[in-house]
Amino acid sequence: KRYDECIIRPTPEDPEPAELFDNTRFLEEQYEEHSDFMEHFLSTQIFAWFIQDRMTRTGADLFDRLVLEKMQRLSLQLTVLSSATKRGWLTKRGKVVKSWKRRFFVLSGMDLFYYTDSTLKTQRGAMALVNGETRVIVPLATIKGQTTPYGFTIINTDRRLSCCADTEFTRRSWIRLIKAKCMDAEQRRRLVERFRAQISEDYLSMLARARKEPIDRFFRFVRW
């Protein structure tokens, strides 16, 4: 509301005003501890774009559109991931004999296969992923005999498959892909909604921090 009140809109008497925003009036209404921050903010190009958008928009606000674009990208990423394949080495825990053995895994469609080596000549087993049911968790404690600290467990109604990756990055990539493949439509919708709330929360949190930080850190907020 304050932004809208300080926008200088064209009128019949002044169809092309020299300024689009009444900076002085706006800054007078700010709390003293925010004045330095806001004075720098008003001088940035991003704020000029914001004001232009507010003057011409007929639908959603600029921030809402940016959030919508991020949500659409997330939805697209989930769609791409759900059809992707992945190969790589993991160490798995035996189903009957609880020893750990290194296997070459292939995730294709909704099936996870594992082989003796990367030639794929000798298949040692498989696990079917179930849309809306299969879960992936990271155990709070390491499992006995676990070969690396980067463990995760894939859970179906009839089976638990415990694996170890060589690095944290590898573990995250497997978990991300399996989760994307196993999401049903409702789970995907809830994830996108939570993502929108998180983006809004991140924005407000960064704004609050930027107001309290020295001006030389201000452009971290602008870059966001």
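**A walk through the predicted fold**

At 93% relative accessibility, Leu140 counts as exposed. Leu140 sits in the loop that runs between β5 and β6. Its C-alpha atom is separated by 9.7 Å from that of Gly151, eleven residues away along the chain. That loop is a useful way into the structure.

First, the frame. This is a predicted model. The mean pLDDT of the protein is 77. Of its residues, 69% reach 70 or more. Where is confidence lowest, and where is it highest? Helix α8, residues 218-223, has the lowest mean, at 52. Strand β3, residues 111-115, has the highest, at 95. The protein has eight helices and seven strands. Its 224 residues include 34% that are buried. About 14,400 Å² is exposed, and carbon and sulfur atoms supply 52% of that area. Among contacts with a separation of 6 or more, 48% are between residues 24 or more positions apart.

Now follow the strands. From the loop of Leu140 the chain enters β6. Strand β6 covers residues 150-155 and is mostly covered, with five of its six residues buried. Strand β5, residues 135-137, runs antiparallel to β6, and three bridges join the two. In that pairing Ile137 has Thr153 of β6 as its bridge partner. On the other side of the pairing list comes β7, residues 160-165. Strands β6 and β7 are also antiparallel, joined by six bridges. The hairpin between β6 and β7 passes through four residues. Thr153 appears here again, opposite Ser162 in β7. In a regular strand the side chains alternate between the two faces of the sheet.

Helix α6 comes next. It spans residues 168-182 and holds Arg171. Is Arg171 buried or exposed? Its relative accessible area is 12%, so Arg171 is buried. Its side chain makes a polar contact of 2.5 Å with the side chain of Glu168. Set aside the neighbours within four places in sequence, and Arg171 is in contact with Val138, Pro149, Tyr150, Gly151, Phe152 and Ala165. Gly151, met earlier opposite Leu140 in the C-alpha distance, is thus also a contact of this arginine.

The aromatic residues give another route. Which kinds of ring contact does the structure hold? There are three aromatic pairs. One of them joins Trp89 and Phe104 edge-to-face, at 5.3 Å centre to centre and 80 degrees between the planes. Trp89 belongs to strand β1, residues 86-93, and Phe104 to strand β2, residues 100-108, so this pair ties together parts 15 residues apart in sequence. The two partners differ in cover. Trp89 is partly exposed, at a relative accessible area of 32%. Phe104 is buried, at 9%.

The next residue of β2 makes a pair of its own. The ring centres of Phe105 and Trp174 are 6.4 Å apart and their planes stand at 75 degrees, so this pair too is edge-to-face. Phe105 lies in strand β2 and Trp174 in helix α6, so the pair ties together parts 69 residues apart in sequence. Both residues are buried. Ring pairs link Phe105, Trp174 and Tyr114 into a cluster.

Strand β2 also holds Trp100. With a relative accessible area of 15%, Trp100 is buried. What does Trp100 touch, leaving aside its neighbours within four places in sequence? Its contacts include Thr91, Lys92 and Arg93. They also include the run Ile143, Lys144, Gly145, Gln146 and Thr147. Ser162, Cys163 and Cys164 complete the list. Ser162 is the residue that stands opposite Thr153. Two backbone oxygens lie in reach of the Trp100 side chain. That of Lys144 is at 3.0 Å. That of Gly145 is at 3.4 Å. Thr147 is 47 residues from Trp100 along the chain, yet their C-alpha atoms are separated by 7.6 Å.

One backbone detail remains. Leu120 has a phi near 65 degrees, a positive value in a residue other than glycine. Leu120 lies in the loop between β3 and β4. At 26% relative accessibility, Leu120 counts as partly exposed.

How values were computed
Residues are numbered from 1 along each chain as its sequence is written. Side-chain values use heavy atoms; hydrogens and water are left out. pLDDT is the predictor's confidence in each residue, from 0 to 100. Buried means under 20% relative accessible area, exposed over 50%, partly exposed in between (1.4 Å probe, protein chains only). A polar contact is a pair of N or O atoms within 3.5 Å; within protein, one must be able to donate a hydrogen and the other to accept it, and residues adjacent in sequence count only if both atoms are side-chain atoms. Contact means heavy atoms within 4.5 Å. Two strands pair if DSSP finds at least two bridges between them. Accessible areas come from the Shrake-Rupley method with a 1.4 Å probe; for residues, only the protein chains shown count as cover. Rings of Phe, Tyr and Trp (its six-membered ring) pair if their centres lie within 6.5 Å; planes under 30 degrees apart count as stacked, over 60 as edge-to-face and the rest as tilted.
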